[in-house]
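Dear colleague,

I am handing over the structure below, and I would be glad if you kept it open while you read the notes that follow it.

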Amino acid sequence: MTLEELRKIAHGIRADKKAVNMTKRQFVNALGCEKRTSGNVWYINNFLSENQLTTHPWYENGNIDETMELRYKPTDISKSGFKLYSLSITGNYKNLKDISIDFEHSENYCSFIGLNGSGKSNILELISAIFYSLHHLTLPTTKNMKFEFSYTICYALEGKYYEITDGRLMTGEKLNFSMLPKNIIASYSGEDTRLWENYYKPIYDRYCGKLTAEQQGFAPPFLFYINKEQWEIAMLVLLYSEDIDVKAFIDSVLGKRKCTISFGFANKNSSKWTGTATEAFIDELRKKQTYTVEEFRNTVNNISFIDQASTLFYFLYGSSTGIDNRLISKINIHFDDGATLEGLSEGEKRMILANTIIHILATDNSLCLFDEPDSHIHISRKSELVKLIDSSKRYSILTTHSPVFLEKMKAENIRFVDNGKIETIDKLKQISDLTNGEFSYIEGAFILSSKNIIVVEGTNDIKYIKKAIDIFSVKDSKYNELKKLAFIPTGGASNTESFFNDVIINLLPPIKKLLYIFDYDDAGVDGWEKINKLKGTYSQIDILFYQEDYLTAYEPIKTKSKKSPCFVEDLFHENSYSDIVDELRRKSKFKDFKMITEPTSSKIKTHIEKNYRNLTAIDYNGFEPLLDKLLDIFPKE
């Protein structure tokens with residue numbers, strides 16, 4: 001192996017984070033070193049450092065003809081807290097297959113986007129499954145869990161870098177609890193309980209089984225799951241907290257409203273907690289029937305063993321968990337205007353959970369998992385949520401399919417999931433840039449995930465066709481099939497060739513049908529000619545002109561002298577722009593016409609663009625032949 005070959009291998013390892021096998025002799029010799037002398041070792045170590053590499057086992061030790069792995073090792077390792085660097089699996093986890101995810105260049109959080117069923121939530125499950133397995137390995141008499149896949153996970157914790165493959169540390173050390181993040185905190189927005197059932201509930205059940213033991217205390221379970229069942233506890237702890245950011249959030253929720261707090265107690269379970277700190281905690285809460293926030297804060301502050309807001313959360317959580325053991329049966333929070341916590345919007349409640357996780361429960365050694373945390377949150381608060389998650393003191397992984405939420409994130413923190421595979425965000429960014437930002441990353445994700453795509457000249461074409469589809473779908477359900485089609489604009493027929501080479505060719509070959517629609521004018525015919533040359537190479541391609549009926553296809557000839565042109569605006573009924581025509585008809589003198597500075601066609605075009613959403617179904621009748629033709633080209637699957 002030559003030095004140049006070794007450099008290529010090193011580049012590949014840095015790119016995909018996958019180790020490469022070779023003998024120690026091959027490695028040393030490729031660097032021009034026959035022996036592992038002290039001078040050569042300095043040179044070899046310098047090569048490893050510059051190329052962000054390490055070896056396993058270490059190349060200096062053992063027989064020089066032994067096989068070793070040349071592995072990736074980041075040089076800029078977080079000095080404190082927890083940071084995930086990479087995760088790869090060989091094999092299948094649900095629809096995830098042979099994936100490799102690079103987290104290294106994400107800062108504070110990493111967001112996975114994709115359409116429903118793309119596999120983005122499965123990534124949260126996969127991470128939970130791996131850490132569930134690693135946690136088991138730190139317990140006495142437990143064995144390594146067997147998965148249908150092999151995994152390698154790399155992360156930094158308190159300045160130390162860990163690379164773990166199938167439960168084994170690359171360094172050969174024995175895994176212990178101190179090598180894991182302090183805890184994994186998961187929050188799920190939907191009704192699906194699979195994440196809870198598979199990985200969090202087993203640990204929760206063991207946790208509940210020991211609650212009444214004095215020595216258990218209320219340290220959090222390693223895998224901790226928070227959902228709507230903890231809304232009251234979360235709100236109560238936020239009210240108690242004196243953190244400046246928490247108080248600002250609470251003020252935004254309450255405004256000038258005051259609130260009172262009361263508890264319902266399950267007295268029948270009291271004997272199970274005799275002599276525990278929990279009994280003392282509940283005895284303090286029983287001293288008043290109703291608390292103001294200040295009274296509640298003073299009461300808690302006088303309990304010596306509750307030293308911070310997170311401790312209060314776990315005492316409340318533990319003493320209200322499980323019907324058979326709980327001491328608190330109900331937490332009541334009432335506002336002075338008669339409203340209750342239950343009356344808050346779904347979005348406000350989700351913000352309560354997110355603030356509790358980030359500000360109260362998570363430490364810099366925690367990993368937070370959020371599944372669609374922006375669900376039901378008002379558009380005005382999505383920026384606030386991104387700012388909350390973008391915390392340098394926490395590392396979070398989240399999923400979303402909200403364009404508004406996504407557009408507020410840093411591009412380097414976004415990963416695109418398409419049918420169980422991780423795709424580069426560059427494609428989505430390219431589509432967004434080429435449409436001058438009119439297409440969000442989510443719309444780009446839909447395009448990249450689709451098997452049937454229509455390419456048009458501009459974004460207005462897409463707006464008009466989609467509106468027509470909505471209108472005709474009400475009349476006849478067969479048109480609903482057209483809602484499955486993805487549309488992408490080229491920015492004009494003159495961009496046809498460059499757009500194909502820059503964007504479209506990267507989407508092939510998974511696309512089943514790629515239809516181009518052009519205006520029937522000189523520019524459109526030029527576009528038709530360029531794409532028609534590609535049909536022999538790419539069988540998916542088909543081409544269409546806008547026309548008023550499709551009984552006879554328009555011929556691809558120049559229109560100036562041989563054929564009347566046809567534009568997408570010609571499909572609208574003349575009544576849709578009658579105001580513009582009537583204004584022209586009212587002019588009678590030459591000077592009136594002389595004063596016209598904008599062509600009538602431009603006025604009509606602008607008028608349709610501004611008013612297309614409010615036009616009547618009759619105004620869209622001219623689109624019916626086009627939609628019927630699309631149904632012929634894209635038959636129902």
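**Cysteines**

C33 is buried, since its relative accessible area is 4%. Please keep in mind that the model is a predicted one, and that this holds for everything described here. C368 is likewise counted as buried, at 0% relative accessibility. How far is the sulfur of C368 from the closest cysteine sulfur? That closest sulfur belongs to C110 and lies 14 Å away, which is too far for a bond, because a disulfide requires two cysteine sulfur atoms within 2.5 Å. A search of the whole structure finds zero disulfides.

**A four-stranded sheet and its helices**

One open sheet is built from four strands, which pair in parallel and follow the order β21-β20-β22-β23. Its edge strands are β21, covering residues 486-489, and β23, covering residues 541-545, and each of these pairs on one side only. On average, and with direction ignored, neighbouring strands of this sheet are turned by 25° against each other.

Within the sheet, strand β20 (residues 452-456) runs parallel to strand β22 (residues 513-518), and four bridges join the two. If you would like a place to look, find I454, which stands opposite L515 in β22. Helix α16, made of residues 459-475, packs on the sheet and touches β20 and β21, and its direction makes about 155° with that of β21. Helix α17, made of residues 496-507, lies across β20, β21, β22 and β23, and it runs at about 160° to β22.

**Aromatic rings**

How many aromatic pairs does the structure hold? There are 37 of them. One of these is formed by F147 and Y151, whose ring centres are 6.3 Å apart and whose planes meet at 65°, so the pair is edge-to-face. F147 is partly exposed, with a relative accessible area of 23%, whereas Y151 counts as buried at 2% relative accessibility.

A further pair is formed by F224 and Y317, with ring centres 4.8 Å apart and planes at 80°, so this pair too is edge-to-face. The pair links distant parts of the chain, since F224 lies in strand β12 (residues 223-226) and Y317 lies in helix α10 (residues 309-319), 93 residues apart. Are these two rings' residues buried or exposed? F224 counts as buried at 1% relative accessibility, and Y317 counts as buried at 3%.

Ring pairs also link Y464, F572, Y612, Y620 and F623 into a cluster. Of these residues, Y464 falls within helix α16, whose residues are 459-475.

**Charges over rings**

The charged end of K83 sits over the ring of Y85, at 4.8 Å from its centre. R257 lies over the face of F335, and here the ring centre is 4.5 Å away.

**One residue to follow: T90**

T90 lies in strand β4, which covers residues 82-93, and at 55% relative accessibility T90 counts as exposed. Leaving aside residues up to four places away in sequence, T90 touches D98, F149 and S150. The C-alpha atom of T90 is separated by 56 Å from that of H607, and the two residues are 517 residues apart along the chain.

With best wishes

Methods. Residues numbered from 1 in each chain as written. Predicted model: local features only at pLDDT ≥ 70, side-chain atom pairs only at ≥ 80, totals over all residues. Heavy atoms only, no water. Pairing = 2+ DSSP bridges. Axes fitted to C-alpha atoms, helices over the stretch in contact; angles between N-to-C directions. Contact = heavy atoms within 4.5 Å. Phe/Tyr/Trp six-rings, centres within 6.5 Å; stacked < 30°, edge-to-face > 60°. Buried < 20%, exposed > 50% of the residue type's maximum accessible area, 1.4 Å probe, protein only. Lys NZ or Arg CZ within 6 Å of the ring centre and 35° of its normal.
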